[in-house]
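Me: Please take a close look at one part of this model, chain B. Start with its contact with its partner, then work through the inside, and end with the setting around it.

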Amino acid sequence: MEEKGFGTEELIVNMGPQHPSTHGVLRLLLTLDGEKVVDCEVIIGYLHRGVEKLAENRDYKQNIILTDRLDYLASMTNNLAYVQAVEKLMDVKVPERAEYIRVTVAELQRIASHLVWLGTHAMDIGAMTVFLYCFREREEILNLFEMLCGARLTYNYMRIGGVSCDLPDDFAGKAYKFVEKFPKLIDEYEVLLTKNRIWLDRTVGVGVISGEDGIDLGLSGPNIRGSGVEWDVRKAEPYSIYDRFNFQIPVGEKGDTYDRYLVRMEEMRQSNNIVKQALEQLPEGEIMAKVPRIIKPPKGEVYHSIEAPKGELGFYIVSDGTSTSPYRLKIRPPSFVNLESFKKMIKGHLVADVIAIIGTLDIVLGEVDR
Amino acid sequence: MAGLCAGHCKKLVMEENGLVKSLRERFPDAILEVTALRDLKSEITIRVKKDSILDICACLKKEFKFNLLSDLCGVHYPDKDEKFEVVYHLFSIETKERVRLKAGLREGEKVKSVTSVWGTADWHEREAFDLLGIGFEDHPNLKRILLPDDWEGHPLRKDYPYRSKDAEPEKTP
Amino acid sequence: MEGIVRDVIIALIKIAIVLGGVALGVAYSTYLERKVAGWIQVRFGPMRVGPHGLLQPIADGLKLFIKEDIMPRQADKLIFYLSPVICLVPAFAVLAVIPWGPDFYITDLNIGLLYIFAVASLGIFGIVMAGWASNSKYPMLGGLRSAAQMVSYEVSLGLSVIGALIFAESLSMVGIVEKQMTTGVWFVFLQPVGFVIYFICGLAETNRLPFDLPEAEQELVAGFHTEYSAMKFAFFFLAEYTNMIVVSSIATTVFLGGWGSPFAFLGIEFPRSLGIVKSVLDFGMPIFWFLLKVFLLMFFMIWVRWTFPRYRYDQLMNIGWKVLLPFAILNIIFSGLEFTLYEELDWYLFYPLAWLIMGVMVVFGFRLIKNFDQFSYSKMREEGIE
């Protein structure tokens with residue numbers, strides 16, 4: 001570089017692992033030119049607990065609690081992905097009622113997870129009040145889950161072949177009440193943000209990624225739908241009983257932070273709709289299929305993925321046919337893969353956009369680092 | 001009886017599948033084995049030679065529209081001749097099909113990186129390198145991702161101790 | 001000789017009352033902030049210390065006072081110590097000329113407003129020095145941001161009150177209020193655009209959301225005062241809230257009729273028969289009105305803070321230079337015209353005409369600033385110009 005007058009040099013800032021808006025222990029090594037991000041290195045692994053190694057030494061049932069701790073904001077969907085993978089491997093047919101319960105809680109979980117995303121994303125950009133509004137509603141969902149299984153964060157609710165316990169008597173009524181009033185509350189958040197000039201300035205055109213690049217980088221979930229790719233595992237490969245419900249997949253156009261915001265907002269409405277339908281159709285009956293007490297799947301391998309709130313959550317299980325624990329359990333965490341595209345999104349943006357983009361990617365470090 | 005039918009169906013899924021047929025035509029030598037889980041169309045596994053993995057992946061992406069690499073991981077089989085397997089899970093957003101590719105490796109062998117085909121393979125391959133010690137040729141930035149840079153050993157290998165008390169006592173310098 | 005001693009003693013008493021009052025006011029404005037935030041966010045806010053948490057600010061002050069004072073090893077010690085003081089002193093110095101009531105101010109400088117702008121802008125040095133002296137990257141970024149921000153917004157802030165000054169024909173704070181009392185009209189009705197610009201710039205000058213970039217918690221982890229703790233941190237905190245009071249007080253004085261009652265046009269006076277009560281009321285009511293207006297403005301600032309997201313750095317600069325500055329200049333031109341009309345016309349002709357011209361000016365202004373858009377950072381990035 002040719003020096004004219006005063007010499008300038010780039011500033012290297014270490015953002016994280018302890019930083020209020022890296023959503024956990026993400027560490028970013030930013031090279032700044034003034035306020036502009038010239039280069040960025042994403043460093044992960046501060047929360048690595050070796051879940052995959054642990055899983056190889058515990059039996060199939062015990063592994064359900066490990067999945068709780070991946071994306072700790074959406075334990076239900078993690079449970080669901082894992083137990084469905086094992087069921088697919090063992091060819092277990094799950095009873096109707098259990099399927100409906102699973103869909104109900106999975107969609108409630110999606111709403112809860114999106115609420116945390118909205119609250120933290122808005123707070124990162126400076127709108128602090130939205131955060132508390134979101135947590136107010138999330139609290140109600142957590143109360144419902146507490147009624148259901150006694151836990152508020154790590155539920156360990158699903159079982160291979162069904163669910164651990166039936167719905168309490170007043171669950172359906174309370175859940176229905178929540179579902180009835182929730183759309184109005186989403187409108188309330190939207191009043192604060194959607195048409196807000198500052199919110200628009202901060203999100204429109206920030207972190208743009210095209211659909212093609214997104215697919216190349218493995219983006220999934222609301223992030224890829226924000227770029228206009230209509231792909232939702234619930235529609236593309238309907239697992240459980242998702243083919244019975246009537247819902248739309250919202251897609252964005254430009255693939256910027258604002259489109260992803262709109263997609264997630266609409267997704268909450270659609271999930272709400274699914275919960276409503278599931279509660280209305282809820283049949284009576286068994287909640288557990290007949291599965292052997294000791295789970296020992298046949299030799300083989302399976303990959304099963306579902307649409308978790310953050311994207312495609314997949315479990316690849318290899319069974320050797322003789323052991324009660326998986327020979328290999330590989331988790332395909334959506335956050336891990338989504339985070340990969342961060343580097344592409346941030347190039348040329350300003351420091352303040354870093355946090356906007358972390359927020360829009362909706363990562364949970366428990367899942368990234370496993 | 002049910003088992004018989006399942007076996008029959010399984011064979012049907014594998015042999016009648018258009019994808020497998022055309023792949024066999026394109027790469028007659030590279031395809032070693034095709035298996036499936038029951039009669040599930042999405043659970044077809046194609047075992048290929050490790051040297052041709054890059055060509056097959058590029059072909060699958062270009063001609064069969066497998067535009068998304070869902071997952072890439074390694075598995076360790078200490079008892080087999082080919083000690084490592086690299087498993088690729090491909091998905092096509094257009095046709096909604098899934099296919100699984102596998103390549104076997106002997107100890108110390110390397111496989112060609114598919115980062116040039118799918119950008120997302122970057123971190124996946126780094127993870128496989130980190131946790132299993134599988135080498136990838138032509139990877140732009142192959143270093144540890146989840147564990148610290150100075151970590152010794154690869155935890156997901158079967159001979160890596162599960163409990164700390166099974167491990168060698170740490171040497172104090 | 002005796003006269004001088006008496007004057008000094010009276011001045012000292014006044015200073016003590018004002019400083020004490022403001023310090024208490026600052027403490028309780030933090031309480032106000034937290035209570036209003038709680039109210040907006042469907043929660044309670046402080047509730048534990050004293051009834052409804054009323055003693056919370058005192059507990060906070062005590063805590064900050066006895067906390068360990070941490071000094072980063074690599075910091076520039078002298079400047080690190082000095083900067084909180086440099087931040088706080090101008091904020092308090094400005095209080096000298098603020099007229100709380102017709103008979104209650106420390107001094108009436110004939111260049112009062114000029115003095116305020118001159119002294120208040122010194123506070124920025126404290127922030128820049130704090131950012132630099134901490135020898136840490138986030139504070140440095142915060143310090144640089146605030147330097148750029150304050151310099152940009154000071155310009156519009158100064159220009160926005162000129163319109164009002166044309167009508168006041170005085171720089172003395174007391175003079176400005178008295179002018180509004182005698183003409184019977186608050187300058188906010190003559191200068192709405194000026195008031196809006198002033199208030200927005202005031203938000204920026206006090207580093208409050210949506211312009212709190214120097215201390216953005218989420219990106220710069222508190223910005224320039226990241227490394228400060230205990231009393232030194234409290235000084236920054238004190239300075240910020242004092243500035244809030246100062247900005248609101250100036251707005252009250254210049255635009256909202258100062259200590260004047262909003263019901264002054266009714267012409268009600270306290271009857272003579274009340275005796276001493278009347279003199280107390282005559283002294284107290286103006287102060288009450290002044291403080292009420294200040295309170296309302298501060299409430300509005302808090303309301304804004306808990307509602308809006310934060311601007312980005314380049315957008316902040318855009319607003320400062322490409323929106324507020326053109327409008328402030330247009331407003332001066334308009335004010336000259338308006339003043340001529342004000343002298344010539346009767347009120348029923350003047351107001352419709354003035355407001356009409358102002359409407360035209362605002363529309364024209366928005367057309368004008370649209371042309372500046374092509375120089376914006378996001379536009380340039382879209383077109384690939386570095």
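Reply: Chain B and chain A bury about 3800 Å² between them, and carbon and sulfur atoms give 56% of that area. On the chain B side, W123(B), L146(B) and Y162(B) lose the most area to chain A. Together these three make up 20% of what chain B buries there. The contact draws on 48 residues of chain B and 43 residues of chain A. Keep in mind throughout that this is a predicted model.

Next, the chain itself. Chain B holds 4 helices and 7 strands. Read from the N terminus, its elements follow the order α-α-β-β-α-β-β-β-β-α-β. Of its 173 residues, 50% count as buried. Its exposed surface comes to about 8800 Å², with carbon and sulfur atoms supplying 50%. Sequence separation is worth a look too. Take the contacts within chain B between residues at least 6 apart in sequence: 51% of them join residues at least 24 apart.

Now the inside, starting with a strand. Strand β4 of chain B spans residues 84-91. Here 8 of the 8 residues are buried, so the strand is largely enclosed by the rest of the structure. The cut-off behind that word is a relative accessible area under 20%. In a regular strand, side chains alternate between the two faces of the sheet. In β4(B), both faces are covered. One side carries F84(B), V86(B), Y88(B) and L90(B), and these are buried. The other side carries E85(B), V87(B), H89(B) and F91(B), and these are buried too. Note that a glutamate and a histidine are on that second list.

β4(B) has paired strands to look at as well. Strand β3 of chain B, residues 68-76, pairs with β4(B) in the antiparallel sense over 8 bridges. Within that pairing, G74(B) stands opposite V86(B). Strand β5 of chain B, residues 98-105, also pairs with β4(B), antiparallel, over 8 bridges. There, F84(B) faces L105(B) across the pair. β4(B) and β5(B) make a hairpin, with 6 residues between the two strands. In the turn, K96(B) has a positive phi of about 60°.

A helix residue gives a second view of the interior. I56(B) sits in helix α3 of chain B, residues 53-63. Its relative accessibility is 0%, so I56(B) counts as buried. What touches it? Setting aside neighbours within four places in sequence, I56(B) is in contact with L23(B), F27(B), A30(B), V48(B) and L101(B). One more distance helps to place it. I31(B) is 25 residues from I56(B) in sequence, and their C-alpha atoms are 9.6 Å apart in space.

Last, the setting around chain B. Among the 2 pairs of chains that touch, chains A and B share the most contacts. Chain C is a separate matter. No contact joins chain B and chain C; their closest C-alpha atoms lie 24 Å apart. Chain A does meet chain C, with 37 residues from chain A and 27 residues from chain C in the contact. That pair buries about 2900 Å², 59% of it on carbon and sulfur atoms. On the chain A side, E35(A), M128(A) and I198(A) supply 20% of the area buried against chain C, more than any other three residues.

A few words on the partner, chain A. UniProt, in an unreviewed entry, lists residues 124-298 of chain A as "domain: NADH-quinone oxidoreductase subunit D". That stretch is 53% helix and 2% strand, and its end C-alpha atoms are 48 Å apart. Chain A also has an open, antiparallel sheet of 3 strands in the order β6-β7-β8. β6 (300-308) and β8 (328-332) of chain A stand at the edges with a single partner strand each, so one side of each has no neighbour in the sheet. Neighbouring strands of this sheet are turned by 10° against each other on average, direction ignored. β6(A) pairs with β7 of chain A, residues 311-319, over 9 antiparallel bridges. In that pair, Y303(A) stands opposite Y316(A).

Notes: Residues numbered from 1 in each chain as written. Chains lettered and ligands numbered in written order. Predicted model: local features only at pLDDT ≥ 70, side-chain atom pairs only at ≥ 80, totals over all residues. Heavy atoms only, no water. Pairing = 2+ DSSP bridges. Axes fitted to C-alpha atoms, helices over the stretch in contact; angles between N-to-C directions. Buried < 20%, exposed > 50% of the residue type's maximum accessible area, 1.4 Å probe, protein only. Contact = heavy atoms within 4.5 Å. Areas by Shrake-Rupley, 256 points an atom, 1.4 Å probe, with all protein chains shown as cover. UniProt positions renumbered as here; feature names shortened; annotations may be inferred. Buried area = accessible area lost by both parts, 1.4 Å probe.
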